[in-house]
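Please look through the structure shown here, with attention to its backbone, its interior and its helices. The paragraphs that follow take these topics in turn.

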Amino acid sequence: RLRSSATYGDARPGVPADSHTVFNVASLTKPLVAEAVLRLASAGRLDLDAPLSEHWVDPDLVDDPRHHRLTARFALSHRTGFPNWRDGVLSFQGDPGVTPSYSGEGYEYIARYLEKKLGDSLESLVKTHVLKPFHMSRTALSKKPWLAKSVAHAQDAQGQSRPADVRNVASAADDALTHATDYAKFLLAVMHNRGVTAATAQERLKIDLLQMPEGRCPWQDCPQRIGFGLGWAVFDYGDERVVMQGGGDWGERALAFFVPERRFGMVILANSHAGGDVIEKIVAALYDNPRFHRFLAFQNNG
């Protein structure tokens with residue numbers, strides 16, 4: 001259950017943030033889209049291992065036969081072989097399914113597949129299968145009238161503030177707008193495996209390929225295994241796992257994570273370049289896992 005929620009600081013210069021303020025959460029968008037896919041798979045409306053080429057092939061990839069190997073599972077677990085973002089033209093930087101490579105393009109690819117296969121927009125699918133059933137009334141993937149005065153401005157390292165990015169068309173990988181309490185409702189639903197089969201819930205946290213093989217982890221007290229599940233990164237420390245997604249754009253930082261073995265999780269959203277420091281301190285105060293603290297410190301300072 002939701003134990004506590006609080007808002008501090010300014011939404012924009014001279015205007016305090018409050019319970020109505022929403023934040024651009026950058027890549028925290030990805031788990032929302034992944035959960036819609038998993039709920040659709042649990043309902044039998046799609047197969048995680050079916051070729052995406054049955055319904056969508058990016059025009060840039062038509063002449064590369066590797067596009068037939070792309071699946072929803074590979075897209076959600078960052079194994080498409082795509083770069084994070086295309087440089088004008090989409091191309092493979094590796095073979096699908098072979099090595100993990102964090103990719104927003106993989107999420108955009110599955111969004112096009114969903115729209116073609118199901119005949120509905122990405123935002124409509126996420127709203128129907130995630131936002132409505134989880135009662136997330138303060139979350140949107142694109143511009144809405146109610147957002148007009150609710151979105152926190154972003155702030156850079158020099159203290160310069162500007163309006164956060166609000167998309168006209170939803171992205172599957174970036175720029176969802178939400179409040180921490182709303183995203184906590186989502187996190188609770190994921191922790192309780194609401195709307196997915198037991199088999200799909202197990203697949204969500206399964207690491208098929210290690211993100212950092214033994215000996216390549218650059219910070220102290222590394223997990224025994226690190227990899228991508230379906231929609232989340234999974235840090236397996238042996239005695240417990242941290243299932244997480246971070247987000248960061250210009251003047252914005254965000255973190256959502258849960259620990260299945262403790263039935264505990266946190267959502268922290270910050271509209272500042274310094275938000276990484278805030279997140280690091282809050283996690284250290286409320287979650288007694290120094291091993292994870294050292295990862296956050298490495299990430300924040302790297």
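In this predicted model, Asp175 has a relative accessible area of 4% and is therefore counted as buried, since that value falls under 20%. Asp175 is placed in the loop between β5 (161–162) and β6 (177–178), and its phi is near 75°, a positive value in a residue other than glycine. Most residues other than glycine have a negative phi, and against that background a second loop residue deserves attention. Arg263, which is not a glycine either, has a positive phi of about 55°, and its place is in the loop between β10 and β11 (264–270). Which of the two terms, buried or exposed, applies to Arg263? Arg263 is exposed, because its relative accessible area of 65% lies over 50%, whereas Asp175 is buried.

From these loops the path leads to a helix. Asp182 lies in helix α5, which comprises residues 180–191, and with a relative accessible area of 3% Asp182 is buried. What does the side chain of Asp182 reach? The partner is the backbone nitrogen of Arg138, at 2.6 Å from the side chain of Asp182. When the neighbours of Asp182 within four places in sequence are left aside, Asp182 is in contact with His135, Met136, Ser137, Arg138 and Thr139, so that Arg138 appears both in this list of contacts and as the residue whose backbone nitrogen the side chain reaches.

Another helix, α8, covers residues 290–301 and has twelve residues. From its first C-alpha to its last, α8 reaches 16 Å, which is close to the 16 Å expected at 1.5 Å a residue. Phe292, His293, Phe295, Leu296 and Ala297 are buried in α8, and the buried residues of this helix pack against three strands, β8 (233–236), β9 (241–249) and β10 (252–259), as well as against helix α7 (275–286).

The interior can also be followed through its enclosed space. How many cavities of 30 Å³ or more does the count come to? The count comes to one cavity, and about 40 Å³ of space lies in the largest cavity. Its lining is formed by Ala154, Arg162, Pro163, Ala164, Asp165, Asp249, Trp250 and Glu252. Taken by class, this lining has four nonpolar and four charged residues, with no polar residues.

How values were computed: Residues numbered from 1 in each chain as written. Predicted model: local features only at pLDDT ≥ 70, side-chain atom pairs only at ≥ 80, totals over all residues. Heavy atoms only, no water. Helix = DSSP H or I, 4+ residues; strand = E, 2+ residues; numbered from the N terminus. Expected span 1.5 Å × (residues − 1). Buried < 20%, exposed > 50% of the residue type's maximum accessible area, 1.4 Å probe, protein only. Contact = heavy atoms within 4.5 Å. Polar contact = N/O pair within 3.5 Å; in protein donor to acceptor, adjacent residues only side chain to side chain. 1 Å grid on protein atoms, 1.4 Å probe; cavity = no way out; pocket = protein on both sides within 12 Å on 5 of 7 lines; lining within 4 Å. Points joined across faces, edges and corners; volume = space filled by probe spheres on them. Nonpolar A, V, L, I, M, F, W, Y, C, P; charged D, E, K, R; others polar.
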